[in-house]
Every structure is written in C-alpha cells, then in structure tokens.
Amino acid sequence: MDPVITSVLVPTLCVGGCGLASAVALGIADKFLSVPEDPRVQAVLAALPGANCGGCGFAGCADYASAIVLHGAEASLCAPAGSAGAAAIAQVMGQAPGAAAERKVALVLCCGDETEAVRRAHYNGITDCAAAHATAGGDKACAYGCLGYGSCARVCPVNAVRVEKGIAAIDKEACIACGKCVKVCPRKLVKLVPASAQIHVLCSSKDKGPAVKKVCGTGCIGCHMCAKKAGDAIVMDGSLAVVDYAKELKDTEIIAKCPGHCIRKA
Amino acid sequence: MEYVILFVSAILVNNFVLSRFLGICPFLGVSKRMSTALGMSGAVMFVMTIAAAVTWLIQTFLLVPLGLDGFLQTLSFILVIASLVQLIDIVMKRFAPPLHAALGIYLPLITTNCAVLGAAVINMKSGHGFFKSVLFAFAAAIGFALALLIFAGLRERIERADPPRCFKGVAISLITAGLLSLAFMGFSGLVK
C-alpha cells in the first residue's frame, strides 16, 4: 500500500479504535453497572435554587434533594427557595403543599455602635469575633454586645451582612435565613426572626440597669416599661426585655418611650 | 535499593507539584480546606496509579509496535485516561458506594489532570518497566498529596492570619506556594 496512505490510516484507525473500544466499554458499564437513581431526585434538585448555601443543614442542594426523596426529609427547609420552592418540591413528591413557612430573616440583637458602646481596651489581634471574644472576653465593655469584627459577614453566602459603625447590620431584603451567622456569632447575638416583625428589642445584655448604663448608651436597663405596655408580646428574661415573635406587636409607642433607646424598628 | 531511590525521588526530590510544576490547578483550586484536599489526594493517588498501568500497556502493545509513540502518545493517553476515569466512576458507584461518596466529586476533575498525564509521559520517557511505572506513579501521587496537604494546612492558617491588605486571599497563597517550592528545593541533589 502507498506509504502515505498507511501513515495516515494506521494512526487514524489506532486512535479511532481506542476511542471506539473505550466508548463500547463505557456503554456496557453504563448499561449493566449503573445504579438506578430515583428520577424525583433530579426533579427536586431542579426546584432548589442551587446556591449550595447549606442553610438546610445538608451538604448542598444535591444532598438535600436526595435526602428529601430517599430519607423523607422535610421539604420546607430551604430558605432561599421559599414557600414557592417548598410547594414545587411537595408537588414532585406527590404531597399536599404544607402550610407555607413564614419567611425569616437574621437580626443582630445589639444596637450599641461605636458612638454608644464603650470599648474598654484596644484589641489588635486576629480580625475575628471568636478570637476577640476569647481574648479576655473581648474589647467591648459590654460582655453581651456585638464585637464588630465581621465573622458573620464573612460566612454570609449572599453578602447581606455589613459592619457599620462597629456593629454588624443585616440587609433584610438580601438575607436568605440560612442561619450561618447565627451559628458563627460567639456571643449568640444573631437570631432568626419573622421578616414581618417590625419592632425589636435590639439588646442582649442580661446585666442589671446600672451596669448596662455604664457601658452602653443604648442598652436594655430592665425597666419593664415595654413589657407592661405591650402585654404578653414582650416578656422579661431577668432584666432583659425579649420580644415574643409568636405574638403580634403593633404598639409603636414603646419605641419612643423606651428609656434605653434599644427598642427600634428594623 | 533502586526502587527505594525511585520512590523517595518521586516524592521529595522531583515532587510533581513543587519541582516539576505539574498539577498546579488542583494544588491551588482545592487546597482551601483540609477535607477537600484529602479527598482530592485520595482520588489522584487512585487514578494516577491505575492510569500508569493502563498507559504502559497501551504504549508497549499498541503504540510502539505500530511506530506511533512519537506523535500519538499524548492524544491516546488523554483518551484512555479520560475513559478510564469515567469507567472507574461507574464501577465505584456500583460496587463501592462509600468510596464513591468520598472521592466521587473529585474524579471528574482529574480526568485530564496534567499530573496524571505527566506521570504517564515521564514513565514512557524514562523507559520504566511495568512494575516500575506503577511504583513511580504511586510515589508521584504521594508527592502530590504531600504538597497538597501541606499547602492546605498552610492556607487554613493563613486564612486566620492578618497579612497586609493587598496580599489578602490568592496573592498570599501564591507567595506561600512559591516559598513552599523553595523549601522543596532543599531536597535537590539528595538523589541523582
């Protein structure tokens, strides 16, 4: 045979043959060895947002989808998908859509910014709230207040947290309530609250009134005023007023009346 | 002794990542966390060793007899390694689900990894026999894993440190990689 033709034909056949053999092997393997996957897993996965934020407690959307289908996990755990997503998943799973879970947002229960709260030391260690908290209880004079080193901002998958004037603030619109900031805060200041709630007590200090006043201009001094006015929507936890979000709280009068200036709209 | 030297040389002296600069993409890409680095290392060790065996067979029984090893080596090796990884993926999913759960997501990432291909090509260039090829590839993979795990450990700590702002993130990681590579230069001359 013509050497030119051979020198083209042999490599072509060689690589083509390799490719064909691999393709056949893969085809056979796929046919006989493939693990049958529930088609609903793909359908549920399509209904999830695919952000892999891990807010549901599973290792990403794919893991959550298979947990729903194979292990009967709750369909309403995905905060970014919201109630529409939960309904879509319920439809795939052939269930009646459950009561739409109310949208929640994360809220930092501290309003002692740098103009109000006293810092008792100058901290120049690692820029991390847990590290600052571990260093002699933090540089903030208030043992309950936001340290403002932005650990919550760094874990937020949607960049909804900003540190402004020395305390963290969460953008209500952007928050997907994944709960990462709740977990990371060393002082347990971040709480998931209903997005519809308007009035909050932005303080977490359990210290008594005089002690609070010494370290912060906007702390709850435990005067019971709001608890008396708002009925059972605000309960006292020792000397700290706590909003019970299960009850309706409409009385905006208490905002102006609060002597600690820590009841605010948010 | 010869095998011991080959083994040590592939791990430390001619470390794939830090001396030969192969497999840099996973070195920088999956070294942010120790757990992912461990998974990736396991997958690379697995694939590299098997790929070395298969490519040796292809080279010896197909390419050399046909006189094609000069210019078809890279092409056919990529083809074979890529299909091999897919095949391993399918087989693993069926017969070893726990192993698949641990390594599964890293397997597609290394189908055409330059370290895997590099090990195969270096084997052929040095004229290693079958056993030596497999041993070399395994040692090279251990070297890759060593570099990746050291780097992941460093990066986890750098994450907590406070470098100048302009160096934050990838910049300080690249500098660290360079320093690590310099450190491995210390091994040169240990084995000829």
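Reader: Before we get to the long helix in chain B, how do you define a helix and its expected span?
Author: Helices are DSSP runs of H or I with at least four residues, strands are runs of E with at least two, and both are numbered from the N terminus. The expected span of a helix is 1.5 Å times one less than its number of residues. One caution: this is a predicted model, where local features need pLDDT of at least 70 and side-chain atom pairs count only at pLDDT 80 or more, while totals for chains, interfaces and linings use all residues. Residues are numbered from 1 along each chain as its sequence is written, and chains are lettered from A and ligands numbered from 1 in the order in which they are written.

Reader: Ok, so how far does H3(B) reach from its first C-alpha to its last?
Author: H3(B) covers residues 34–66, 33 residues in total, and spans 45 Å. That is close to the 48 Å expected at 1.5 Å a residue.

Reader: Where does H3(B) bend?
Author: At Gln59(B), by about 40 degrees. The bend here is the angle between axes fitted to the seven residues ending at a position and the seven starting there. Just after H3(B) comes Gly67(B), with a positive phi of about 70 degrees.

Reader: What else is in chain B, how many helices and strands?
Author: Eight helices and zero strands, so to speak α-α-α-α-α-α-α-α along the sequence. Of its 192 residues, 37% count as buried. Buried means 20 or more other C-beta atoms within 10 Å of the residue's own, exposed means 12 or fewer, and partly exposed is in between, with C-beta atoms placed from the backbone.

Reader: Which residues of H1(B) are buried?
Author: H1(B), residues 2–13, has Ala10(B), Ile11(B) and Leu12(B) buried. They pack against helix H7 (130–160) of chain B.

Reader: Switching to chain A. How many helices and strands there?
Author: Chain A has 10 helices and eight strands. Buried residues make up 32% of its 266 residues.

Reader: What share of the contacts joins residues at least 24 apart in chain A?
Author: 56%, among contacts between residues at least 6 apart in sequence. A contact means that the C-beta atoms, placed from the backbone, lie within 7 Å. For chain B, residues 24 or more positions apart account for 79% of the contacts with a separation of 6 or more.

Reader: And which strands does E2(A) pair with, parallel or antiparallel?
Author: E2(A), residues 161–164, runs antiparallel to E3(A), residues 167–170, with four bridges between them. Pairing requires that DSSP finds at least two bridges. Arg162(A) has Ala169(A) as its bridge partner. The two strands form a hairpin with two residues between them, and Lys165(A) in the turn has a positive phi of about 50 degrees.

Reader: What about E6(A) and E7(A), how many bridges?
Author: Four bridges join E6(A), residues 234–237, to E7(A), residues 240–243, again antiparallel. Val235(A) stands opposite Val242(A). This hairpin also has two residues between its strands, with Gly238(A) in the turn at a positive phi of about 70 degrees.

Reader: I saw Ala177(A) and Lys188(A) in loops. What are their phi values?
Author: Ala177(A) has phi near 55 degrees, positive although the residue is not glycine, and Lys188(A) is also near 55 degrees. Ala177(A) is in the loop between E3 and helix H7 (180–184) of chain A, whereas Lys188(A) is in the loop between H7 and strand E4 (190–194) of chain A.

Reader: Buried or exposed, for each?
Author: Ala177(A) is buried because it has 22 other C-beta atoms within 10 Å. Lys188(A) counts as exposed because it has 11 C-beta neighbours inside 10 Å.

Reader: Which residues have the most contacts inside the largest nonpolar core?
Author: Val108(A), Cys110(A), Ile170(A), Val201(A) and Cys203(A), in a core of 66 residues. Such a core is a set of buried Ala, Val, Leu, Ile, Met, Phe, Trp, Tyr and Cys residues joined through C-beta atoms within 7 Å. H3(A) gives the most to this core, with five residues.

Reader: Last one: how many residues does each chain bring to the contact between A and B?
Author: 17 from chain A and 17 from chain B. The chain A side divides into 11 nonpolar, four polar and two charged. Here Ala, Val, Leu, Ile, Met, Phe, Trp, Tyr, Cys and Pro count as nonpolar, Asp, Glu, Lys and Arg as charged, and the others, Gly among them, as polar.

How values were computed. Contact = placed C-beta atoms within 7 Å.
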